[in-house]
Amino acid sequence: MAKTRVLVEFGMGSSLRREDYTEAALRALKDALWHNSVNMAELFGFPKQAMIVDAEIGVQKPDAVDVARLAEVFPYGQPNITVRQGGLDIEKPQGGGRTVIANAAVVVSFDMETVQ
């Protein structure tokens, strides 16, 4: 058996006023997940809990993201979340703070035999 990728989805999220990196990351994850009805488990005859979900989040301040809050977004599966340097911070005019933008990539895999 081998970890086999069956789905990749991307999302973007922002925090317009509060400079909240966790909120921007949550919105990016939801954007990626809500693009699809992630029903791969049923297609392959696996229980939903068998889904291996690898999520990569990019923000300018990775240490400011609460990964435990991100994990709560996943209703099932085995989420593995990595937060790294990425995204954008857009400065507002006249020292009005910044808008935080996060990017997310979500990869769904299963431990299954590959057919050649």
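Start with the aromatic rings: in this predicted model, the count comes to 1 aromatic pair. The partners are Phe 46 and Phe 110, whose ring centres sit 4.8 Å apart with planes at 15°, so the pair is stacked. From there we can follow strand β5, where Phe 110 lies, then turn to the salt bridges and finish with helix α1.

**The aromatic pair**

- Two numbers do the describing here: a pair of aromatic rings is characterised by how far apart the centres are and by the angle of the planes.
- For Phe 46 and Phe 110, the angle of 15° makes the pair stacked, because planes under 30 degrees apart count that way.
- Phe 46 belongs to the loop between α2 (40-44) and β2 (52-59), while Phe 110 is in strand β5 (residues 98-112), so the pair ties together parts that are 64 residues apart in sequence.
- The two rings also have their own surroundings: Phe 46 is partly exposed, with a relative accessible area of 26%, and Phe 110 is buried, at 0%.

**Strand β5 and its neighbours**

- Phe 110 has plenty of buried company, as 11 of the 15 residues of β5 are buried, so the strand is largely enclosed by the rest of the structure.
- Strand β1 (residues 2-15) runs antiparallel to β5, and 13 bridges join the two.
- If you want a place to look along that pairing, find Glu 9, whose bridge partner in β5 is Val 106.
- β2 is also antiparallel to β5, with 7 bridges between them.
- Here the spot to check is Asp 54, which stands opposite Val 107 in β5.
- Strand β4 (residues 88-91) pairs with β5 too, again in the antiparallel sense, over 4 bridges.
- Along this pairing, Glu 91 faces Arg 98 in β5.
- β4 and β5 form a hairpin with 6 residues between the strands, and Gln 94 there takes a positive phi near 55°.
- Ser 109 is another β5 residue, and it is buried, with a relative accessible area of 2%.
- Leaving aside residues up to four places away in sequence, Ser 109 touches Lys 3, Thr 4, Arg 5 and Val 6, along with Ala 50, Met 51 and Ile 52.

**Salt bridges**

- As a bit of background, side chains of opposite charge can pair when their charged atoms come close.
- This structure holds 7 salt bridges, and one of them joins the side chains of Asp 54 and Lys 3 at 2.7 Å, N to O.
- Asp 54 is in strand β2 and Lys 3 in strand β1, so this pair ties together parts that are 51 residues apart in sequence.
- Asp 54 is partly exposed, with a relative accessible area of 21%.
- Another salt bridge brings together the side chains of Arg 98 and Glu 19, at 2.7 Å, N to O.
- Arg 98 lies in strand β5 and Glu 19 in the loop between β1 and α1 (21-34), so the link spans parts that are 79 residues apart in sequence.
- Glu 19 counts as partly exposed, at 29% relative accessibility.
- A salt bridge inside helix α1 joins Arg 27 and Glu 23, with 3.4 Å from N to O.
- Arg 27 and Glu 23 are 4 residues apart in the helix, which means about one helical turn separates them.
- In an α-helix there are 3.6 residues a turn, so residues three or four places apart point the same way.
- Arg 27 is partly exposed, with a relative accessible area of 38%, whereas Glu 23 is buried, at 15%.
- Salt bridges that share partners also join Glu 19, Glu 91 and Arg 98 into one network.

**Helix α1**

- At the start of α1, Asp 20 has a side-chain oxygen that reaches to within 3.0 Å of the backbone nitrogen of Thr 22.
- With 14 residues at 1.5 Å each, α1 should span 20 Å, and the end C-alpha atoms are indeed 20 Å apart.
- 10 of those 14 residues are buried, so α1 is largely enclosed by the rest of the structure.
- The buried residues include Tyr 21, Thr 22, Leu 26, Leu 29 and Leu 33.
- As for what they pack against, the buried residues of α1 meet β1, β2, α3 (67-71), β4 and β5.

Terms used
Residues are numbered from 1 along each chain as its sequence is written. This is a predicted model: local features need pLDDT of at least 70, side-chain atom pairs count only at pLDDT 80 or more; totals for chains, interfaces and linings use all residues. Side-chain values use heavy atoms; hydrogens and water are left out. Rings of Phe, Tyr and Trp (its six-membered ring) pair if their centres lie within 6.5 Å; planes under 30 degrees apart count as stacked, over 60 as edge-to-face and the rest as tilted. Buried means under 20% relative accessible area, exposed over 50%, partly exposed in between (1.4 Å probe, protein chains only). Two strands pair if DSSP finds at least two bridges between them. A salt bridge is a side-chain nitrogen of Lys or Arg within 4 Å of a carboxyl oxygen of Asp or Glu. Contact means heavy atoms within 4.5 Å. The expected span of a helix is 1.5 Å times one less than its number of residues. A polar contact is a pair of N or O atoms within 3.5 Å; within protein, one must be able to donate a hydrogen and the other to accept it, and residues adjacent in sequence count only if both atoms are side-chain atoms.
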